[in-house]
Amino acid sequence: MALGDAPAAGGPDEEAEDDVLARGAALEAFGESAETRALLGRLREVHGDRAARELAEERFRGACAALGRDEWMMNLLLDMVQDKTSPTALVHLAFKFLYIITKVRGYKIFLRLFPHEVADVEPVLDMVAGQDPKDHETWETRYMLLLWLSVTCLIPFDLSRLDGNLLTQPGRARMSIMDRILQIAESYLVVSDKARDAAAVLVSRFITRPDVKQQKMAGFLDWSLCTLARSSFQTLEGVIAMDGTLQALAQIFKHGKREDCLPYAATVLQCLDGCRLPESSQTLLRKLGVKLVQRLGLTFLKPKVAAWRYQRGCRSLAANLQHCAPHRPEQQAFLAPSDSHEDDDVPEGVESVIEQLLVGLKDKDTVVRWSAAKGIGRMAGRLPKELADDVVGSVLDCFSFQETDKAWHGGCLALAELGRRGLLLPSRLAEAVPVILKALTYEEKRGACSVGANVRDAACYVCWSFARAYEPRELTPFVPAISSCRSVLGLLVHECEHLQTQLLDFLKCSSNCFLVISVFIAGFPEYTQPMIDHLVTVKISHWDGVIRELAAKALANLTPRAPEYSATHVFPRLLSMTRSPDLHTRHGAVLACAEVAYALHRLAARENFNSECFHYSFRGLGGELMRQAVCLLIENLSLSKMPFKGDTIIDGWQWLIDDTLRSLHLISSHARQQLKDAAVSALAALCSEYYVQEPGQADPTVQEGLVGRYLAELQSPEEMTRCGFSAALGALPGFLLKGRLQQVLAGLRAIARTSPQDVGFAESRRDALKAMARICQTVGVKAGAPDEAVCKENVSQVYGALLGCLGDYTTDSRGDVGAWVREAAMTGLMDLTLLLGRSQPELIEPHVCEQVMCRVAQQASEKIDRFRAHAAGVFLTLLHCDPPTPHVPHRAELERLFPRCDVASVNWNAPSQAFPRVTQLLGLPAYRYHVLLGLVVSVGGLTESTVRHSTQSLFAFMKGIQGDPQALESFGGTLLQVFEDNLLNDRVSLPLLRTLDQMLANGCFEALAAEEDHPFCVKLLALCKEEIKRSKDIQKLQSGIAVFCGTVQFCGAVRRQALLQLCLLLCHPFPLIRKSTASRAYEMVLTYSDVVDADALDEVLAVLSDTAWDAKLPGVRAQRNRLCDLLGVPRPQLVPKMSHAC
């Protein structure tokens, strides 16, 4: 819509929208008000129930945050408090709710809402007196009552009128109200809860009453100073007492009249000096000390407005920035003439006060520095011009590089206060602005981090206050210097555009400041060059690598704003910086060169430059930083199509990339992957630009040397070298692979195979598979060209390598490192299959597709969540791809089990969602073997959630086939086939034994137990015997014992053989195995009652439980033989050892 077509402000549409919003807000407020009223009305019912009471408090906190006016809430709660029939618990609950309101609104606003009639004084005083200061559950009640009492004691009548006749009985005097209030206030100033703060408010309002100050002020101040003198900030009790006392004194000197407080100010200051509060470790005490000191200083000085201050009529920053508008008259600023009759007699204590405030500017805590800065501003406003100028000079002394960042921060806060009050005269700006410019870029490195963010923020505050305080003509000479600092520019954007909290959060992110805000600010011509210069001068050589990277990217973003300046000034300067002896400068300069060169290329700028900038030492300290930076530079210069074809610099670049890939094992592990990626990206860009002879044709000499060299490096004994050159081969452009494809694929297949010499090189196998998949994508599919593209002649070899790596289960100290290889293999299979399906689906043979789907399904049923989710993603992608993958087994059933609409909603990382779905594949014959192979590893694993959900899913499937004997036998046959194929393979056999134990214990094969010597039972027993034969693995033996006990449920010879195996294990050489066998056998006899005759049952149980099976074997063997007789199995016979003839 054109600008002229926009509806006028205040039009009917806008009024209607405003009306709707207003009604909505009113309805929402009404709803919240009604809900809150109901909540408060139920307090009488819930005050006795702790849980209901806490729930009501929580709901009331939320309601208070939403509601604006709270007088009606306060009236409802005070009615409960003042009701004589209200239980004590209800009164305390009402005060809790009142305290919640004060937290939301602040106690100062809340105070005026308390009833404060004369009739309220004594009831409130009696309520306070009836409280127990040691009851930690009701501190809100005491806090609110003290605040209420501080309002009621302001009645405009002499408090003695409320006393009446103090002699109630002959010889006994009743304490006056004045004495009672003072006694309560003093007692609560030293308590440990928040009532101490309310007591300080009470004291400040009570002591400053005209009738009280005459009688009680001197005595209270004497009590306060004695309390301070005898308290120590090194003890908890002393800290509490000093805190309450200092709060009270600060409030008294703030609210009291100067003529009343002046006689005591010097004494209080002297006592405060003796407390040595700046040495305390308690932040609150130091802050209160600074507050009290400044109040004492203001008491020494007469309240007046400095006649010499700088004044101007308008304090709007928006008006300042628009002062040049022709229709807006310029505001006239003036310096008021100095009063020649100004009283220069400054009291003696003022110098000490200012000295302490200047020390407070350097305090280690921000709240103390902020309080001191405000004190400096207040004091300077009452001083003569010369003395105030001395104070400004002392503040400027904080900006020394011998001072800490705390002093710089405090100095900035003080300058901002002085500036916004008009106490920093324009004549001082020439001294103040340079130090503020230093503060805007202040940063001090400390270890692995830096300090200075608070200093820079405070310097921005100074700039903001100056912009509000001074006429534009006063600041004009300093604007260009200030405009180069990004923090100030961000703040100016905030002030000029009146942005809200969202932008403040936006500005906190460094990347947005560098990459987004900077581009906007640089759109104003006066800021463009200073910002670029600041980035080059300061940020490119920053100690933090992230800042250097952001600065380089920011320079690239700013290049379109000043292309000529970037090409003629910035780029040559960056090139000279690449020769700097400082590592950070070199690194940042190379990054910036790369970014600026590519940005200039995009702008069609062509600038030749000296290639000597690459002659560095890339080893030792900083080598990895420089390598990565120069690789990025090579990539961007290649993408920029710089005219270096045939230049010797290309050989240097190629050497650097090769040396980087060859030296990866020397790089720290955290930076290795990033450096490898940078080198590979640089190689791809370099080859694409400088190694092409004709379109689509490589230089034969370069191709021969490069590919041959990289294939030779694949045989390196260093795993990381293999990784680097595998990735490099995968990144080569298609014209370099033409005619050498078979050779490259053969080299990658060779290192993708596991061999005894490099079984631990899982990362190199992973990268080889990734390279093969990437090469296939690069060269594409083409019939009859095995050395140029994927075709019928070589596709089976690629599939064979990828499928073979799905069986890589290598483990080392890092865990299942073979999972990296399997993940890369699954990704490669998916990419290759999709590639063939799009171009030549006839190359996908049925048995290959079946193998791919089944092997991926196996991975989708295994125990590691991340890899299981990846496998499921690959499986579903192949199932639902378009065009459809040919020869997928059971496609119709799979699409029914895994509909396309459910693909995105299932979290395959979660065992609870993954296993119920994947176990459904057990019902499909083509998938059963591989899914079961993966599932038994999960069921027999160690992770609790994986074991639980996989077991539940497997048992649910078994329950579903119990009524189908043929399906059960088919499943049992597949299970035994998995066992037989993985015999003595501990990765599978051990969890398989655990799985069998659970299945037998849960009666999964009860249907087979009815038939005597069923083939499944016979073969299962034989495989278990073979698995644990001569094993010394404790876990495997214990799992075998459990399976033998489970097979006892089968009838016939299987049971006798199982009992015989258990009897043999009762005399195993390991005592632990003997004990475990006896324990399991005991449970087995109790579970399967038909195993032992009823008349021998008790004796069998007694032998199993009473025999010390961990004793010497001869004694154990006798009990074992006795047990064999009871069970009806032959006694095992000792086999004599064969003696060898000499």
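Let's start with one helix, α44 (residues 911-918), where Pro911, Ala914, Phe915 and Val918 are buried. These four cover an arc of only 85 degrees around the axis, which puts them on the same side of α44; the arc is that of the directions from the helix axis to the C-beta atoms. The general pattern helps here: an α-helix has 3.6 residues a turn, so residues three or four places apart point the same way. As for what they face, the buried residues of α44 pack against α41, α42 (865-880), α45 (925-939) and α46 (944-960).

A few ground rules before going on. This is a predicted model, in which local features need pLDDT of at least 70, side-chain atom pairs count only at pLDDT 80 or more, and totals for chains, interfaces and linings use all residues. Residues are numbered from 1 along each chain as its sequence is written, and side-chain values use heavy atoms, with hydrogens and water left out. "Buried" means under 20% relative accessible area, "exposed" over 50%, and "partly exposed" in between (1.4 Å probe, protein chains only). Helices (H or I, at least four residues) and strands (E, at least two) are DSSP runs, numbered from the N terminus.

Now step back to the whole chain. It holds 55 helices and six strands, and of its 1142 residues, 52% count as buried. A contact means heavy atoms within 4.5 Å. Among contacts between residues at least 6 apart in sequence, 71% join residues at least 24 apart. The accessible surface of the chain comes to about 52,600 Å², with 53% of that belonging to carbon and sulfur atoms; such areas come from the Shrake-Rupley method with a 1.4 Å probe, and for residues, only the protein chains shown count as cover.

How confident is the predictor? Its score is pLDDT, given for each residue from 0 to 100. The mean pLDDT of the chain is 83, and 87% of the residues reach 70 or more. Among the elements, helix α41 (residues 846-859) has the highest mean pLDDT, 95, and helix α25 (residues 501-507) the lowest, 37. We met α41 already, as one of the partners of α44. Two stretches deserve a word of their own. Over residues 1-31, pLDDT stays under 50, and the model has six contacts beyond four places in sequence for them. Over residues 486-508, pLDDT also stays under 50, and here the model has 34 such contacts.

Back towards the start of the chain, take helix α5 (residues 88-105). At 1.5 Å a residue, its 18 residues should span 26 Å, and its end C-alpha atoms are 26 Å apart, which agrees; the expected span is 1.5 Å times one less than the number of residues. Since 13 of the 18 residues of α5 are buried, the helix is largely enclosed by the rest of the structure. Right after α5 comes glycine 106, whose phi is positive, near 95 degrees.

Further along, threonine 152 lies in helix α8 (residues 139-152). This threonine is buried, with a relative accessible area of 0%. Leaving aside neighbours within four places in sequence, threonine 152 is in contact with Pro115, His116, Asp120, Val121 and Val124.

Next, the charged pairs. A salt bridge here is a side-chain nitrogen of Lys or Arg within 4 Å of a carboxyl oxygen of Asp or Glu, and by this rule the count comes to 42. One of them joins aspartate 126 and arginine 180 (2.8 Å, N to O). This pair links distant parts of the chain, with aspartate 126 in helix α7 (residues 121-129) and arginine 180 in helix α9 (residues 177-188), 54 residues apart. Aspartate 126 is partly exposed at 43% relative accessibility, whereas arginine 180 is buried at 19%.

Helix α9 has another link. Lysine 216 forms a salt bridge with aspartate 179, the closest N and O atoms being 2.5 Å apart. Lysine 216 lies in helix α11 (residues 210-230) and aspartate 179 in α9, so the pair ties together parts that are 37 residues apart in sequence. Lysine 216 counts as buried at 19% relative accessibility, and aspartate 179 as partly exposed at 28%.

Finally, head for helix α53 (residues 1071-1087), where leucine 1072 is found. At 46% relative accessibility, leucine 1072 counts as partly exposed. Not counting residues up to four places away in sequence, leucine 1072 touches Ile1034 and Gln1038.

Notes. pLDDT = per-residue confidence, 0-100.
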